[in-house]
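Colleague: Could you teach me how to read a model like this one? I'd like to take one feature at a time.

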Amino acid sequence: MNPITPFALVKSILYLISYFQVSDAKAVALTESNFDKHVANNDLVFLNFYADWCRFSQILGPIFDEAAETIAKEYPSGKVLFGKIDSVAETNLAQRFKINKYPTLKLLRNGKLMKREYRGQRSLEALVEHVRDLMKDPVNELVTDEDIQKVEVNKRKVVIYIPDKASPVYEIFLKVAMDLRDDCRFFIVKGPLGESSLLPEQKAKIIFNPSKSKLGVNDEEYIGALLSYDELSAWTTNRCIPLVREITFENAEELTEEGLPFLILFHQPEDTESPKLFTHAVQTQLLDDRTLVNFLIADGLKFAHPLHHLGKTSADLPLIAIDSFRHMYLFPKFTDIHTPGKLKEFVLDLFSGKLHREFHYGPDPVTNNLISTNPPESTFKKLAPSRNRYTLLRDEL
């Protein structure tokens, strides 16, 4: 038997210390002073916004800590962080993420808020499995033309042509793919594919293929900096997630599950001009709010029921409304969309609580009274997650 060297002994001791430190790791208490540092140092951050007085928060707390311990054993430092935020003490952080119910579970990937907050089961197994799923490699490898034919044509695709994965370019691509795994399918090709091939002098080639199109048809090539995460992320995001989407009866539940208020344009089916105006207004006024609001267009004839609750008919189209999943608020006049900042003001009034406050107590002392103070209830709230899962803020009761 070989004797244990002092170096090996020290190494073993350090390993055991590291193991037990990791195994005891619980969710980190995040504050305004340490929040950005922790987010910058971790690829995926799972946030629990809680309140000590909330019964649901009290139940979730130890489960969230146990999930943090489990995940800490599976992934190296810097990959996943479970963070808990006392929303009563850290009001600025709570307001920053528009928290209006406890507990709320949100996720940050590469420092960016993911559109879908966690709304699954509040069990140890479900929390751990959700993180494991988010950490899976979303990039599939294609080899032959036959592989391409098997790719579903009804979902947007992004393909990188690159000699191999041992490249900083691929690392950037993988990072973007992790961000947008729910919105696009991502593929890697290490060599010739059909008539396309990677030239020897090229480091990589990245193409976007829209939905309902075969690869090679309507492709758009990325011409930005290959080593710029921000540039590639912005380019891919704009193609995988249209800023303004159409809501239908088929995708309404999925959109509701994202947990974001709806800013909806209701229009006549044959009206193509108002969607263009609405999209332009969103792009110029509300681009920074894309992680906080879902911008949607809807066929006003198919969605006649919400119009009825707003006291409107198809004759009043086009019109714009916000559905907060408690109430619907009508934008004063569609023509106000041409007034710079008017649509932005409408959205800000939702988050400030002004729309809700005026609903209960009438117009604020200083107001032009353009917005109705008697909004109908949300017609989409039945698709929202169960209220029995949360304690709502008192001003929403």
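Colleague: Which residues line the largest cavity?

Modeller: A cavity is found on a 1 Å grid over the protein atoms alone: it's a set of points where a 1.4 Å probe fits but cannot get out, and a lining residue has an atom within 4 Å of a point. Here the lining is made of K115, I241, P242, L243, R245, R290, V293, N294 and F295. Keep in mind that this is a predicted model, where local features need pLDDT of at least 70 and side-chain atom pairs count only at pLDDT 80 or more, while totals for chains, interfaces and linings use all residues. Residues are numbered from 1 along each chain as its sequence is written, and side-chain values use heavy atoms, without hydrogens and water.

Colleague: What volume does the largest cavity have?

Modeller: A volume is the space filled by probe spheres set on the grid points, which are joined across faces, edges and corners. For the largest cavity that comes to about 50 Å³. Searching the whole structure turns up one cavity of 30 Å³ or more.

Colleague: How many nonpolar, polar and charged residues are in that lining?

Modeller: Ala, Val, Leu, Ile, Met, Phe, Trp, Tyr, Cys and Pro go down as nonpolar, Asp, Glu, Lys and Arg as charged, and the others, Gly among them, as polar. With that sorting, the lining of the largest cavity has five nonpolar residues, one polar and three charged.

Colleague: R245 is in that lining. How many residues apart along the chain are L296 and R245?

Modeller: They're 51 residues apart along the chain, yet 4.9 Å separates their C-alpha atoms. L296 belongs to strand β14, residues 294–299. Strands (E, at least two residues) and helices (H or I, at least four) are DSSP runs, numbered from the N terminus.

Colleague: Is L296 buried or exposed?

Modeller: Buried means under 20% relative accessible area, exposed means over 50%, and partly exposed is in between, using a 1.4 Å probe on protein chains only. L296 is buried because its relative accessible area is 0%.

Colleague: Now pockets. How much space lies in the second largest one?

Modeller: Unlike a cavity, a pocket is an open set of points, with protein on both sides within 12 Å along at least five of seven lines. The second largest pocket holds about 730 Å³. It has 31 lining residues, and those closest to its centre are L113, M114, K115, I241 and T291. Two or more lining residues come from each of β5 (104–109), β6 (112–113), α5 (124–134) and α8 (229–240). The largest share, six residues, is from α8. By class, the lining of this pocket splits into 10 nonpolar, six polar and 15 charged residues.

Colleague: You mentioned β5. What does β5 pair with?

Modeller: Strands of a sheet pair through backbone hydrogen bonds, either parallel or antiparallel. Two strands count as paired if DSSP finds at least two bridges between them. β5 runs antiparallel to β2 (residues 44–50), with six bridges joining the two; for example, L47 has K106 as its bridge partner in β5. β5 also pairs with β6 in the antiparallel sense, over two bridges, and there L108 is partnered by L113.

Colleague: Which strands make up the sheet, and in what order?

Modeller: It's an open sheet of five strands in the order β1-β3-β2-β5-β6, with mixed pairing. β1 (28–29) and β6 are the edge strands, each pairing on one side only.

Colleague: Which way do the residues of β5 point?

Modeller: T104, K106 and L108 point one way, while L105, L107 and R109 point the other way, and all are buried. So six of six residues in β5 are buried, and the strand is mostly covered.

Colleague: Finally, what's unusual in the backbone?

Modeller: Most residues other than glycine have a negative phi, and most peptide bonds are trans. N110, in the loop between β5 and β6, has a positive phi near 55 degrees, and N110 counts as buried because its relative accessibility is 18%. K98 has a positive phi too, about 55 degrees; K98 sits in the loop between α4 (91–96) and β4 and is partly exposed, at 32% relative accessible area. As for cis bonds, one joins Y102 and P103, with omega about -15 degrees. P103 is in the loop between β4 (101–102) and β5. The bond from L317 to P318 is cis as well, with omega near 0 degrees.
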